[in-house]
Amino acid sequence: MSEKREGKEKIMYKEMIISIVLVILIFVGDFVTHKYTDSAINSFNEELQNLKSSLIERNQEKAKTEIENAEKNWENIQHKMAYYIEHNELEKVETNLAEAKSLTESGNFGFAINAIDKTDSVLEHINDKYTFSLENIF
């Protein structure tokens, strides 16, 4: 009897260790992905603000260069974030960037600034949505 009991206790002990390790891995994974998301979005927002200032100055050539750089940078960010963020959210950013590029090329700077603002808003929403908090859990 005691041998069966010791065997069951060993199995329970192993299950508990595995559960604890899994919970730790989940928290570490969440921390790493949140850290990357936060830094990538902040960096990309700085690029968008530079683009926005070029549009306010009505410097079309500089704005074209900056929006192309922003698109390339977004592709790199998007490939990494696609592993853990809904593709729908990421596509909204891409759509707004394409809209801003089109409007910049056509000289509609006011509307292009509006598209940049929408992009910034979507990025802020993504960052808030995937932040670990009790509000997001329940």
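What follows is a walk through the helices, a surface patch and the salt bridges of this structure, which is a predicted model.

Helix α1 spans residues 2-56 and includes Thr37. Thr37 is tucked away from the surface: its relative accessible area is 2%, so it counts as buried. Leaving aside residues up to four places away in sequence, Thr37 is in touch with Met81, Tyr84, Ile85 and Asn127. Leu25 also sits in helix α1, but here the picture flips, since a relative accessibility of 54% makes Leu25 exposed. Leu25 belongs to a nonpolar patch on the surface, made up with Tyr13, Ile17, Ile18, Val21 and Leu22, and together these residues offer about 600 Å² of accessible area.

Next comes helix α3, which runs over residues 87-106. From first C-alpha to last, the 20 residues of α3 reach 29 Å, close to the 28 Å expected at 1.5 Å a residue. The buried residues of α3 are Glu89, Leu90, Val93, Asn96, Leu97, Ala100, Leu103 and Thr104. They fall on the same side of α3, because the arc they cover around the axis is only 150°. Just past the end of α3, Gly107 adopts a positive phi of about 90°.

As for charged pairs, the whole structure holds 5 salt bridges. One of them pairs Glu71 with Lys101, with 3.2 Å between the closest N and O atoms. Glu71 is in helix α2 (residues 60-81) and Lys101 is in helix α3, so this salt bridge ties together parts that lie 30 residues apart in sequence. Both ends are partly exposed: the relative accessible area is 21% for Glu71 and 25% for Lys101.

A second pair is Glu86 and Lys129, whose side chains form a salt bridge at 3.1 Å, N to O. This one ties together parts 43 residues apart in sequence, because Glu86 is in the loop between α2 and α3 while Lys129 is in helix α4 (residues 109-129). Glu86 is partly exposed at 40% relative accessible area, and Lys129 is partly exposed at 32%.

Glu99 and Lys118 make another salt bridge, their closest N and O atoms being 3.3 Å apart. Here the link runs between distant parts of the chain, from Glu99 in helix α3 to Lys118 in helix α4, 19 residues apart. Relative accessibility comes to 30% for Glu99, which counts as partly exposed, and to 35% for Lys118, also partly exposed. Finally, Glu86, Glu89 and Lys129 are joined into one network by salt bridges that share partners.

Key
Residues are numbered from 1 along each chain as its sequence is written. This is a predicted model: local features need pLDDT of at least 70, side-chain atom pairs count only at pLDDT 80 or more; totals for chains, interfaces and linings use all residues. Side-chain values use heavy atoms; hydrogens and water are left out. Helices (H or I, at least four residues) and strands (E, at least two) are DSSP runs, numbered from the N terminus. Buried means under 20% relative accessible area, exposed over 50%, partly exposed in between (1.4 Å probe, protein chains only). Contact means heavy atoms within 4.5 Å. Patches are made of residues with over 30% relative accessible area and no salt bridge: like charges are joined within 9 Å, nonpolar side chains (Val, Leu, Ile, Met, Phe, Trp, Tyr) within 5 Å. Accessible areas come from the Shrake-Rupley method with a 1.4 Å probe; for residues, only the protein chains shown count as cover. A salt bridge is a side-chain nitrogen of Lys or Arg within 4 Å of a carboxyl oxygen of Asp or Glu. The expected span of a helix is 1.5 Å times one less than its number of residues. The arc is that of the directions from the helix axis to the C-beta atoms.
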